[in-house]
Amino acid sequence: MDWSDHAIWWPEKNLWLDKTRWTLDQYNITADAIIQFTPMHKTLHVQLPDLRVIACNVDFSVRTFNASINLCKDLDDLKQNYQETLLKKRPPPPTKDGKTGERIDTNTFISNTGRRYHSNGSLNGTLRTPHKNGNAPFYSNPGTLRNGNYSPYTNGHGPATPPFQNSFSQGALNGSGLSAIDGGDLSLAHSQPPPEATKEAQLHPRTLVERARMNVGWLDSSLSIMEQGVREFDTLLLRFKYFSFYDLSHVHDAVRINQIYEQAKWQILNEEIDCTEEEMLLFAALQLQVTLQSDVQQPQEIYEEDDDVDAALKDLEISLEGPMSNGRNLTDTPRLGGFLRYFRPKRFTLKSFKSLYFELLDLNLYAYRSKLEGSRGESKPVFTVSLKGCEVTPEINLSQRKFQIKLEVPSTEGMTEMWLRCKDGDEYARWMAACRLAAKGKSLADSSYDAEVKSIETFLVMQKPASAPIINPDTIDLNVEDYVAPRFLRKLKSKLRQKILEAQANVNDLNLLEAKMNFIKAWQSLPDYGVSLFVVKFLGEKKEELLGVASNRIMRMTLNNGDHIKTWRFSTMKAWNVNWETKYMMIQLDDERNENVIFNCLSADCKVVHEFIGGYIFLSMRSKDANQQLNEDLFHKLTGGWV
């Protein structure tokens, strides 16, 4: 028998004895201790973003970070597999009396060996070791989840049994260590509708607080799966944790595109992110188009390699010769001007918009009282805004003819908000494209400006329903509950089927991958996209607030409606660390005031917030080189920092 895959597990201390050069005395193991000689690879049930459940052969002894990477490699070699990680099943909704049961934080399944945190996750700080009360560790009992309750919360009703558990039949795994629980297809580039029981088990958070509670289940990347209370045949969810996707290729990333699309789809259907009625109909239309195209033979990419070469040659041509002038004098600096309504929010003021003449030149936005003042170039502007590094968020509602651009501009006070309102879609597309480019440090002379304007105009056209559907309603079996979120079902009722078919007429020419990519782009354009919420209490404050973590910033928000109080960009942070005794996290800012932001996370362990911040900073440091090597040590230094 081959014992090479076995290792020693110490249940009492929740610890793998993985230091093979150590003696049992060095681990403080006495004669009455019970240790287990057990396989390191065990069967784990994993629910993918498309809600299918597969049985995987996973290493329970390595860090969760490495286990997730190896799992994603088995899943058809997913690129950027460090963006996906495992989490426990989502917490159930509160009971009628508002109680949610005892909360079990994901990151508290730690042994009391003293090898826990002793440095910050980023820049040479010092963290304290866990507080201990006598012989009992500060953290909760590592055996709490062994009774079969797969949820990080309990409702007091006994173990939660997954609906698919009875359908699992133990059998040989395939060559990659994967097998479908229900015997279905393992092709990850295409997804089948999940069973009704799985759809009914999905949670629909009603408030921002409930959305924040959804983030409690993320596993600690620096600990093994076994050390976090997970046992063989338990069920974990595999999800994209960091919403910072890049290099999505139609040619090479069919699996990754499909899984991102599925996670986006269920996030919208489960109301984990807000959208308007027009946006919901667009999502429904694109989802219907994906369904229709799934049964159609897709066009083959005959010149896939040539396409990559042509794209590289085009980039080289632009870099050598410069962008096309489009008939413009190359000596002139392009500028964009026009009358816009604007609003700069202040405390205790009404939201009233005023009209000024705005001019965007290079990377700056100038405001004048009249067009004459702007054209002269001699008059002093009313105010000037530097757009480089700002956050640009669309705020549109076609039914109300509202075309707004929300700007969050870096300042000494953190991030200050400013709203621009355009009169129509064409004006909105020009200004939105210009602001997006300026935020990236690109001027109107950049070759991508026209393409960006066209992309925005196309997106607006897709949201305008056609006068009549292309598909005969009598020839299609359309269950509207599978395409829209519940609140729109109650609002639109009988009109919904017709509206979806009319919206589908605008995307009828898209093939399968194009429909999925447009769905992802529409999802990414939502105002709340990529913001992970946590309930926190800031030091010195009495009331609870929300903390939002995005790809390049953190936001202090109100608990009830999510209004932004203050925003800090990651570029202004010089250190972040956690006091593991008090569970307070401190973020040191490198600004004029050297401000320290200190808070206690109430809806999840503070390590989860720590990992989100460190993970996004790690992703921002990647290069454009497709062959770059994953710096695992840097990831753990930024997200955890302990040995």
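A residue is called buried when its relative accessible area is under 20%. With that term in hand, the tour of this predicted model can begin.

**First stop: helix α1.** Select residues 64–74, which form helix α1. Eight of the eleven residues here are buried, so by the cut-off given above the helix is mostly covered. To see the buried positions, colour Thr64, Phe65, Asn66, Ala67, Ser68, Ile69, Leu71 and Cys72.

**Second stop: a three-stranded sheet.** Strands of a sheet pair through backbone hydrogen bonds, either parallel or antiparallel. Select β1 (residues 6–10), then add β2 (15–16) and β3 (36–39). The three strands form an open, antiparallel sheet in the order β2-β1-β3. Because β2 and β3 each have a single partner strand, they stand at the edges, and one side of each is left without a neighbour in the sheet. Between β1 and β3 there are four bridges; to view one of the pairs, select Ile8 and its bridge partner in β3, Phe37.

**Third stop: the second largest pocket.** Select Pro193, Lys199, Lys265, Gln287 and Asp482, the lining residues nearest the centre of the second largest pocket. In total, 37 residues line this pocket, and the space within amounts to about 870 Å³. Next, show helices α2 (196–200), α4 (254–269), α5 (277–293), α10 (486–492) and α12 (512–524), each of which gives two or more residues to the lining. The greatest contribution, six residues, comes from α4. Colouring the lining by class shows 15 nonpolar, eleven polar and eleven charged residues. Finally, colour domain 2 (40–88 + 178–272) and domain 3 (275–294 + 456–521): each supplies at least three residues to the lining.

Conventions:
Residues numbered from 1 in each chain as written. Predicted model: local features only at pLDDT ≥ 70, side-chain atom pairs only at ≥ 80, totals over all residues. Heavy atoms only, no water. Buried < 20%, exposed > 50% of the residue type's maximum accessible area, 1.4 Å probe, protein only. 1 Å grid on protein atoms, 1.4 Å probe; cavity = no way out; pocket = protein on both sides within 12 Å on 5 of 7 lines; lining within 4 Å. Points joined across faces, edges and corners; volume = space filled by probe spheres on them. Nonpolar A, V, L, I, M, F, W, Y, C, P; charged D, E, K, R; others polar. Domains from an automatic or database assignment. Pairing = 2+ DSSP bridges.
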